[in-house]
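Work through the following exercises with the sequence and the model side by side. Each task is followed by a solution that goes step by step.

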Amino acid sequence: MDRSVNLLDLALGLDEPSPLRGKVVLIEDCVETSGSFVLHQMMKRVLSPHSSDSLIFLAFARPFSHYDRVLRKLGCNLSTQKTNNRLVFVDMLMMKCSDNESGVAKLFREIQGTVGKLRSVTNSNITVMVDDMSLLEIAATNSNSDHVLDFLHYCHTLTSESNCSLVTLNHEDIYSSMERPAYLLQMVCLADIVIKAEPLASGLANDVHGQLTVVNKGMISSKSGKGSSRNKLQNFQFRIKENGIEYFYPGCSRN
Amino acid sequence: MADSIFRKLRDGGEEGELAPALTIEETVASPFALDVSCYLLANLSSSILAGKSKSEGLVLVTFSRSPSFYLQFLKQKGIFVSSSSKWIRVLDCYTDPLGWIDQPSPGVITEGSSLIKLHKCVSDLKRLFSSIIEAGREMVGDGKTRFSVAIDSVNELLRHSSMPLVSGLLTDLRSHAQVSSLFWSLNTDLHQEKVTNALEYISTMKANLEPFCPSSDGKRNALENLFLVHQDFGKGRFHIRFKLRKGRVRVMSEEYHVDQTGINFSPISSVETIIAATKSLIPKVHFNLQLSEKERVEKEKVVLPFEHQDHGKSTEIYDGRRTLADGKTEATPLSSGELQADVVSSGKGGEIIYFRDSDDEHPDSDEDPDDDLDI
């Protein structure tokens, strides 16, 4: 089950080696359809026993016990991964950040330091995940979106210089489009891959819980000629089950 | 046609004129300004190395990607840059624009320290200007030899400084005697229209990338545009607008297509692309909204209920009461929401004038309307 590749994996290019290395992934969700499950799926992929990748998780939304419980159902033991140093869980609910530019700069320097330490012991991919950006904005910058964008820019430099991946979750429907239209767009522009979780156009359903649209912008790459996922836009539906997620194209039988 | 922009940048401006300047405009749905910049960078670098350009050096100011990204790209195109290269200098405003990092991280290129200079304070535009000129003079000296300037993106500059200051920086660069040509890119969805307009005023050329199915709704739907583009993502139209000296404007267009190796340009194909683009505007639902040819023909054959048969003559139904023509006296037509009013005429005694709810309501509307169908 772990080795099988589903539609989300294909859209992210996970059938290629190290596809997310050096990439920024933005997950956008809304009140009707939460995108947390995408984050959990990616956590499970990163911490899979078939890879030696590491994960730095900045938790602003929920405590460790919540993620532990969810990932256990998906077949991943977060406590073990913490002990193995594959998971660095930063509980931001406990930490107090000063709410000005120096606070978010300090947070970045800590992440940079952790990446450096991990990089000294492993050459595998390091993923930095943030759950979620809106709470980071409140906790670390006192609702200053400019500082959040500065923080994201610096995290982007980490992806290119230390070859990490950055995965962030943001709620697209909590920002008034009149006040800050550019803020959400800045985040979309920064991302190489945008995953949008939204409800079906027809509303709630028992057997289909929503749809995902994945835009894989990619970049000019040295892998010329490979069937890569640059400039691909894919849309498919999903159903959240007890121990996993099913993905399928509209109207197709689920696989 | 993208070649023509490159040639204008390569040839520079004439003596006594401000340097030609290009704005490359992208949107969230067509985010390929970086690819266009790389295309121009590669071409300019080749021409400088071959001695075919008016400028003898290039200063690259990076905001949105690391210097190593561009050096790696040039290497792929067969242009090798080493620490001893005298024709290029990179001003790194990407790695640490706000001075958050105390020491350079191990990943930063340390080879060729004069090749790549770290610039730590992007909000100080005067200092940025001096750094650019200094980097240029390092290559070409203080005399009359000129150099080109490439700024990968002004989006970050506009976040940290006001529009007039950024405008001032670009104009100062254009006015400098040793700057031969200059280009920058901008994402128009991230800024107000006045910012885009201001930058267009100070450029002599404007190139904009447009997806095949643009929305006319403006910036608020920029995100929706991205998700609407669908299989055309990576393709679109590339429009170039040249401002000629006498005031005339020349506009050229071609198509672009982006792949792993970069951006490719081709002449505009036939009308079929427009039709294909329009088709993708249909919303994604799970039922068919369009008619096939056969369905269209069948639809045209259907005989409609007679009030819509469009003979040209009005339909009248005799129902034993007075006809519609008699019923309509000098009374002005009432709006459809009005209740019927029984009006007793003063002079005649006992006359009821009945105003129907809507003018076009048939006299027999209270009967089963399906009785009229001729099936």
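**Exercise 1.** Determine how many bridges join strand β8 to strand β9 in chain B, and in which sense these strands run.

*Solution.* In this predicted model, start with strand β8 of chain B, residues 235-243, and set it beside strand β9 of chain B, residues 249-259; the two run antiparallel and are joined by nine bridges. For a pair of residues to check on screen, take R241(B), which stands opposite V251(B) in β9(B).

**Exercise 2.** Place these strands in their sheet by giving the strand order in chain B, and explain which strands stand at the edges.

*Solution.* The sheet is open and is formed by 10 strands, which follow one another in the order β4-β3-β2-β5-β6-β1-β7-β8-β9-β10 (chain B), with mixed pairing. At the edges stand β4 (116-118) and β10 (262-266) of chain B; each has a single partner strand, so one side of each is left without a neighbour in the sheet. On average, and with direction ignored, neighbouring strands of this sheet are turned by 20° against each other.

**Exercise 3.** Find which strands of chain B are crossed by helix α1 and which by helix α6.

*Solution.* Begin with α1(B), which lies across β1 (21-26), β2 (55-62), β5 (146-151), β6 (179-187), β7 (205-211), β8, β9 and β10 of chain B, and which runs at about 40° to β8(B). Then turn to helix α6 of chain B, residues 163-175: this helix lies across β1, β5 and β6 of chain B, at about 155° to β6(B).

**Exercise 4.** Describe how helices α1 and α2 of chain B pack, and decide what class of angle they make.

*Solution.* The first step is the geometry: helix α1 (residues 2-11) and helix α2 (residues 33-49) of chain B pack at an angle of about 50°, and their axes are 10 Å apart. The second step is the class: angles from 65 to 115 degrees count as roughly perpendicular and those under 35 degrees as roughly parallel, and α1(B) and α2(B) are therefore oblique to each other. The crossing of α1(B) and α2(B) is right-handed. The last step is the contact itself, where A2(B), D3(B), F6(B), L9(B) and R10(B) of α1(B) meet Y39(B), L40(B), N43(B), L44(B) and S47(B) of α2(B). By kind, the residues of this contact divide into six nonpolar, two polar and two charged.

**Exercise 5.** Give the strand order of the sheet in chain A, and identify its edge strands.

*Solution.* Chain A has eight helices and nine strands. Its open sheet of nine strands has the order β3-β2-β4-β5-β1-β6-β7-β8-β9, and the pairing is mixed. The edge strands of chain A are β3 (87-91) and β9 (245-248), each of which pairs on one side only. From one strand to the next, the twist averages 20°. Two helices can then be placed on these strands: helix α3 of chain A (residues 64-73) lies across β2 (54-59), β3 and β4 (126-131) of chain A, at about 140° to β3(A), while helix α6 of chain A (residues 133-141) lies across β4 and β5 (165-171), at about 90° to β5(A).

**Exercise 6.** Follow strand β7 of chain A to its partners, and state whether its faces are covered or open.

*Solution.* On one hand, strand β6 (residues 193-198) of chain A pairs with β7(A) in the antiparallel sense over six bridges, and the bridge partner of E198(A) in β7(A) is Q211(A). On the other hand, strand β7 (residues 210-216) and strand β8 (residues 232-240) of chain A pair in the antiparallel sense over seven bridges; here V215(A) has L233(A) as its bridge partner, and L212(A) stands opposite F236(A). Both faces of β7(A) are covered, with G210(A), L212(A), V214(A) and N216(A) buried on one side and Q211(A), T213(A) and V215(A) buried on the other.

**Exercise 7.** Decide whether K196(A) is buried or exposed, and list what it touches.

*Solution.* K196(A) lies in strand β6 of chain A. Since buried means under 20% relative accessible area, K196(A), at 9% relative accessibility, counts as buried. Leaving aside residues up to four places away in sequence, K196(A) touches E28(A), E172(A), Q211(A), L212(A), T213(A) and F227(B).

Notes. Residues numbered from 1 in each chain as written. Chains lettered and ligands numbered in written order. Predicted model: local features only at pLDDT ≥ 70, side-chain atom pairs only at ≥ 80, totals over all residues. Heavy atoms only, no water. Axes fitted to C-alpha atoms, helices over the stretch in contact; angles between N-to-C directions. Helix = DSSP H or I, 4+ residues; strand = E, 2+ residues; numbered from the N terminus. Parallel < 35°, antiparallel > 145°, perpendicular 65-115°, else oblique. Left-handed = near helix turned anticlockwise from the far one by under 90°. Contact = heavy atoms within 4.5 Å. Nonpolar A, V, L, I, M, F, W, Y, C, P; charged D, E, K, R; others polar. Pairing = 2+ DSSP bridges. Buried < 20%, exposed > 50% of the residue type's maximum accessible area, 1.4 Å probe, protein only.
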